[in-house]
Amino acid sequence: MKYRDLSFAQLRKIHTLGELKACGYQPESIKDELRRNLIARLKAKKSVFEGIWGYEETVIPDVERAILSRHNINFLGLRGQAKTRMARQMIELLDEYIPVIEGADLNDDPLNPISRFAKDLVAEHGDKTPVSWLHRDERYTEKLATPDVTIADLIGDVDPIKAASLKLPYSDERVIHHGLVPRSHRGIFVINELPDLQARIQVALFNILQEGDIQIRGFKLRLPLDIQFVFTANPEDYTNRGSIVTPLKDRIDSQIITHYPKSIEIGRKITDQEARVLKEQLDVVSAGELAKNLIEQIAFEARSSEYVDAKSGVSARLTISAMENMYSSAERRALINGEKSTNVRVGDFVGVLPSITGKVELVYEGEQEGPGIVAQNLVGKAIRSQFLLYFPNPEEIRKKRNAPNPYKAITDWFGEGNMVDLLNESTEKEHRKLLEGVPGLKELVKEYHKQADDKLKYFLMEFALHGLAEFSQLSKHHLATGTSFKDLLSSMFSMPGPGEEDDEDDDFNT
């Protein structure tokens, strides 16, 4: 039976170099190993990168081509674009176990040892050299590039303690303590945020990438390392914090550009997969499709906002945190009111704001507005964008003089001086009663969404009020405990009431 046909149960019975030779084992480089396993996956029509959405036609084919070409890879993209996740998933393209010389620091191949220790062991024991088995998870090393990373960390250095304990002169290569890179021999080595690595440290990688060997201090030492390198970098870093030195970029074979989700649907897949919403929360809180789409729309609005720094990007972590906070806002209200179940409301998006403020980098104009106001503005824009998918465009209706206006009953009622205060912590019964008290609101939802159940119906009623405010049909003011809706014209001539925020401090008012 050939080596590749053996199960791990059979491989575990192999304990010596002689037994390994007998089963037909031949050394193979990690790049050839990745290529072989990728070819098998592609032929079997199996997905290589599970849970990576939106890259099926762009990034993933580029990665597969790079692996087939046996290239080192640099993932170039903004924050939160699954660069590190893709690097980690490359582990799945490694053999489950590989043989190594037992006790060797550098995962030496029994038939192709490179370290002094392994060579001496093979020379001494021959075919009786002990062999152990290394799992693929142990063949992955990841290092975050920070300014304090040294050559000793990555490549290695002379260890005076080892020299003293073994009574060896500094000229003996056995006094070397190998760094992370040599210890990743026959594995995948990932450096995250490569531009943050000091230029002199980047230079130390030249030989490893081109010739596959390392030099430590003054030793005439050649270690022909076999490593699959994967780097990640943010384009922002090229100008702000550091840069990848040109000769190093030249030695990285494939640079693959990542991107954000290109549609709400893809964004939803990512958020639904990654959001850590507990089962007990799902048992209490019901969230409709529109509420979840609003979360994704916020990220899309942020990526095109004049207040947000486009060079920094808007991470997918924003929508993930926002989704978790949306559920928690509704859960908190249910706990306060002693309700066993509740539905997500538009008002619950007040809990989403902290997920936005810490995850967007603002330009100067955004800093002047303040992160809180910018976050509220992004939620408002998301509501405006999604509103057009559920109801007619109020601006187009306004332009057509004789066209029927489905919003007339609502705006007329507010025009008579009526107002509605939707409080964040009101009970489900109180919330529904307030919405039902607005003439024309229930009829509007019924006309355009006849099939909507009660949960969606009341969400759409509240959503319609917020949408009309975004289109300047109503006035919306943020209270300390909720949202107040009034007639737009009358609100211009009235001072803020008790508990209302002043207009000058609330750019989200319309």
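In this predicted model, the count of aromatic pairs comes to twelve. One of them brings together Phe-189 and Phe-229, whose ring centres sit 5.9 Å apart. The planes of Phe-189 and Phe-229 are at 80°, and since anything over 60 degrees counts as edge-to-face, that is the label this pair gets. Phe-189 belongs to strand E7 (residues 187–192) and Phe-229 to strand E8 (residues 227–233), so the pair ties together parts that lie 40 residues apart in sequence. Both rings are tucked away from solvent: Phe-189 has 0% relative accessibility and counts as buried, and Phe-229 is buried too, with a relative accessible area of 2%.

Next come two neighbours in the sequence. The rings of Trp-413 and Phe-414 have centres 5.0 Å apart and planes at 80°, so this pair is edge-to-face as well. Trp-413 and Phe-414 are both buried. Elsewhere, ring pairs join up into a cluster made of Phe-387, Tyr-390, Phe-391, Tyr-407, Tyr-448, Phe-459, Phe-463 and Phe-471.

Rings also turn up alongside arginines. Arg-251 lies over the face of Phe-206, at 4.6 Å from the ring centre. Arg-303 does likewise with Tyr-260, lying over the ring face at 4.1 Å from its centre.

Turning to helix packing, helix H13 (residues 264–274) packs against helix H15 (residues 289–303) at an angle of about 105°, with the two axes 9 Å apart. An angle from 65 to 115 degrees counts as roughly perpendicular, so that is how H13 stands to H15. On the H13 side, the contact is made by Ile-264, Gly-267, Arg-268, Thr-271 and Asp-272. H15 meets them with Glu-289, Lys-292, Asn-293, Glu-296, Gln-297 and Phe-300. Sorted by character, the residues of this contact between H13 and H15 come out as two nonpolar, four polar and five charged.

A second helix pair is formed by H3 (residues 30–43) and H4 (residues 59–68), whose axes come within 8 Å and cross at roughly 130°. That angle makes H3 oblique to H4. From H3, the residues involved are Leu-34, Arg-35, Leu-38, Ile-39 and Leu-42, and they meet Glu-64, Ile-67 and Leu-68 of H4. The contact of H3 with H4 divides into six nonpolar residues, no polar ones and two charged.

Key
Residues numbered from 1 in each chain as written. Predicted model: local features only at pLDDT ≥ 70, side-chain atom pairs only at ≥ 80, totals over all residues. Heavy atoms only, no water. Axes fitted to C-alpha atoms, helices over the stretch in contact; angles between N-to-C directions. Helix = DSSP H or I, 4+ residues; strand = E, 2+ residues; numbered from the N terminus. Parallel < 35°, antiparallel > 145°, perpendicular 65-115°, else oblique. Contact = heavy atoms within 4.5 Å. Nonpolar A, V, L, I, M, F, W, Y, C, P; charged D, E, K, R; others polar. Phe/Tyr/Trp six-rings, centres within 6.5 Å; stacked < 30°, edge-to-face > 60°. Buried < 20%, exposed > 50% of the residue type's maximum accessible area, 1.4 Å probe, protein only. Lys NZ or Arg CZ within 6 Å of the ring centre and 35° of its normal.
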